[in-house]
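Work through the exercises below with the model open beside you. Try each task before you read its solution.

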Amino acid sequence: MKTPGSQSSLHRANLERVIRAVRAAGSLTQADIARTTGLSAATVSNIVRELKELGTVEVRSTSAGGRRARSVSLSGDAGIVVGVDFGHSHLRVAVGNLAHQVLAEEAEPVDVDASADEGFDRAEKLVGRLLTVAGVDRGKIIGIGLGVPGPIDITSGTIGSTAILPGWRGTNPREELAARTGVPVHVDNDANLGALGESVWGSGRGSGDLAYIKVASGVGAGLVINGRIYRGPGGTAGEIGHVTLDESGPVCRCGNRGCLETFTAARHVLPLLHPIHGPELTMQRVVQLAREGDPGCQRVIGDISRHVGTAVAQLCNLLNLSRVVLGGDLAEAGEIALGPIRDSVGRYAIPSAARQLTLATGALGPRAEVLGALALVLREMGDGMLLGAGPDT
């Protein structure tokens with residue numbers, strides 16, 4: 001029988017500490033593990049050897065700073081995680097292992113007016129197909145990360161009334177998908193998952209504080225503070241799309257006037273270009289035309305970006321962020337978007353905050369959210385589950 005503070009309890013806690021560090025980073029050298037956990041090099045060496053014998057971690061030869069080193073990652077055979085990302089018009093699913101390797105991934109279009117049941121039916125079929133492609137058994141799934149384009153009420157787990165997918169309002173996606181699959185489900189909004197994906201695999205790597213600004217069918221921000229997603233007590237932190245820019249502006253879907261979203265979301269800005277480019281115009285096409293030199297599309301992208309920059313400046317004044325990563329359709333515009341955002345930040349942010357800010361486009365493109373869903377499972381899963389009953393030494 002283990003007692004708190006006993007040698008066996010301390011040993012298991014150290015095992016879990018090492019697993020947690022490796023799980024969050026994907027792979028670490030033993031020296032990095034010692035720095036991250038505060039454990040001695042000798043203790044880390046012994047723990048890594050024990051975890052390797054248990055089949056929990058894999059150890060490979062590598063180099064660090066020009067010197068030979070040992071890279072430690074969770075075993076690819078220890079379990080499978082699944083990421084499911086629902087967007088305004090797409091469904092993307094990825095299957096990965098605990099070593100942060102994506103084994104299979106696929107995306108397909110979805111009807112924006114489809115019900116949650118229809119969406120989950122599609123997701124189940126796609127997950128099954130990808131498991132077959134990856135050659136892994138469904139029984140090895142230890143968790144599913146689910147992203148949806150709307151705020152999640154932390155208390156009830158339901159999607160808020162401002163969700164972009166109308167057929168999902170009031171549903172509890174975590175309970176629904178868990179009931180269908182029989183495995184734990186972790187759910188978050190798409191902007192939070194985009195932030196997590198970029199912080200683990202993309203432009204946010206190495207930055208403990210960042211905002212991921214997603215501009216697509218709506219506008220949202222995912223906030224990473226001290227290396228962790230910040231959701232707020234009700235789960236609505238990062239709703240940057242509802243920052244008021246003009247109290248006399250257009251009425252927003254949230255009921256207020258002049259929100260950032262009314263000046264930047266696709267459904268509000270595309271009609272400006274319909275007389276020139278027709279009613280079938282998409283935001284992706286606007287970005288493409290802007291990159292090709294179309295003056296009207298460049299102007300619209302520039303206007304959107306200046307408005308986004310105003311809101312980013314407010315975030316910087318409040319949080320003094322070190323990095324802002326731009327995602328969604330707007331990110332594909334590159335410097336056409338970053339330039340005006342940078343100008344607005346320079347104009348409206350406190351000079352010291354603006355100087356410390358790094359502004360970049362996302363490195364993961366449309367994959368950011370589904371990779372963030374995988375990372376969510378990897379971060380939320382219990383460390384002890386990889387040890388079973390655990391050693392009793």
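Two strands pair if DSSP finds at least two bridges between them. Helices (H or I, at least four residues) and strands (E, at least two) are DSSP runs, numbered from the N terminus. The model is predicted: local features need pLDDT of at least 70, side-chain atom pairs count only at pLDDT 80 or more, and totals for chains, interfaces and linings use all residues. Residues are numbered from 1 along each chain as its sequence is written, and side-chain values use heavy atoms, with hydrogens and water left out.

**Exercise 1. The sheet of 5 strands**

Task: Give the strand order of the open sheet of 5 strands, then find its edges.

Solution:
- Step 1. The order reads S6-S5-S4-S7-S8, and the pairing is mixed.
- Step 2. The edges are strand S6 (102–109) and strand S8 (185–189). Each has a single partner strand, so one side of each is left without a neighbour in the sheet.
- Step 3. From one strand to the next, the twist averages 15°. Here axes are lines fitted to C-alpha atoms, for helices over the stretch in contact, and angles run from 0 to 180 degrees between N-to-C directions.
- Step 4. Look at one pair. S7 and S8 are parallel and share 5 bridges. Gly-145 has His-186 in S8 as its bridge partner.

**Exercise 2. The sheet of 3 strands**

Task: Trace the open sheet of 3 strands and name bridge partners in it.

Solution:
- Step 1. The order is S1-S3-S2, with antiparallel pairing.
- Step 2. Strand S1 (27–29) and strand S2 (57–64) are the edge strands, and each pairs on one side only.
- Step 3. Neighbouring strands in this sheet are turned by 30° against each other on average, direction ignored.
- Step 4. Take S1 and S3. They pair in the antiparallel sense over 3 bridges. Leu-28 is partnered by Val-72 in S3.
- Step 5. Take S2 and strand S3 (residues 67–74). They run antiparallel and are joined by 8 bridges. Ser-63 stands opposite Arg-68 in S3. Ser-61 has Arg-70 in S3 as its bridge partner.
- Step 6. Find the turn. S2 and S3 form a hairpin with 2 residues between them. Gly-65 in this turn has a positive phi of about 65°.
- Step 7. Keep one rule in mind. In a regular strand the side chains alternate between the two faces of the sheet.

**Exercise 3. The closed space**

Task: How many cavities of 30 Å³ or more are there, and which residues line the largest cavity?

Solution:
- Step 1. Set the rule. On a 1 Å grid over the protein atoms alone, a cavity is a set of points where a 1.4 Å probe fits but cannot get out. A pocket is an open set with protein on both sides within 12 Å along at least five of seven lines. Lining residues have an atom within 4 Å of a point. Grid points are joined across faces, edges and corners, and a volume is the space filled by probe spheres set on the points.
- Step 2. The count comes to 1 cavity. The largest cavity has a volume of about 100 Å³.
- Step 3. Its lining consists of Val-84, Ala-123, Glu-124, Val-127, Arg-138, Ile-141, Ile-144, Leu-177, Thr-181 and Val-183.
- Step 4. Helix H4 (116–134), strand S7 (141–148) and helix H5 (173–181) each give two or more residues to this lining. H4 gives the largest share, 3 residues.

**Exercise 4. Two pockets**

Task: What are the volumes of the largest pocket and the second largest pocket?

Solution:
- Step 1. The largest pocket holds about 1100 Å³ of space. The second largest pocket holds about 650 Å³.
- Step 2. The largest pocket has 47 lining residues, and His-88, Lys-214, Ala-216, Ser-217 and Asp-329 lie nearest its centre.
- Step 3. The second largest pocket has 22 lining residues, and Ala-24, Ala-25, Gly-227, Arg-228 and Arg-379 lie nearest its centre.
- Step 4. Helix H1 (7–25) and helix H14 (368–380) are among the elements that each supply at least two residues to the lining of the second largest pocket. H1 has the largest share there, 5 residues.

**Exercise 5. Cysteines and a glycine**

Task: Is Gly-235 buried or exposed, and how many disulfides does the structure hold?

Solution:
- Step 1. Buried means under 20% relative accessible area, exposed over 50%, partly exposed in between (1.4 Å probe, protein chains only).
- Step 2. Gly-235 counts as buried because its relative accessibility is 6%. Gly-235 lies in the loop between strand S11 (228–230) and helix H7 (261–264).
- Step 3. The structure holds 0 disulfides. A disulfide is a pair of cysteine sulfur atoms within 2.5 Å.
- Step 4. Cys-297 is buried, at 0% relative accessibility. Cys-316 is buried too, at 1%.
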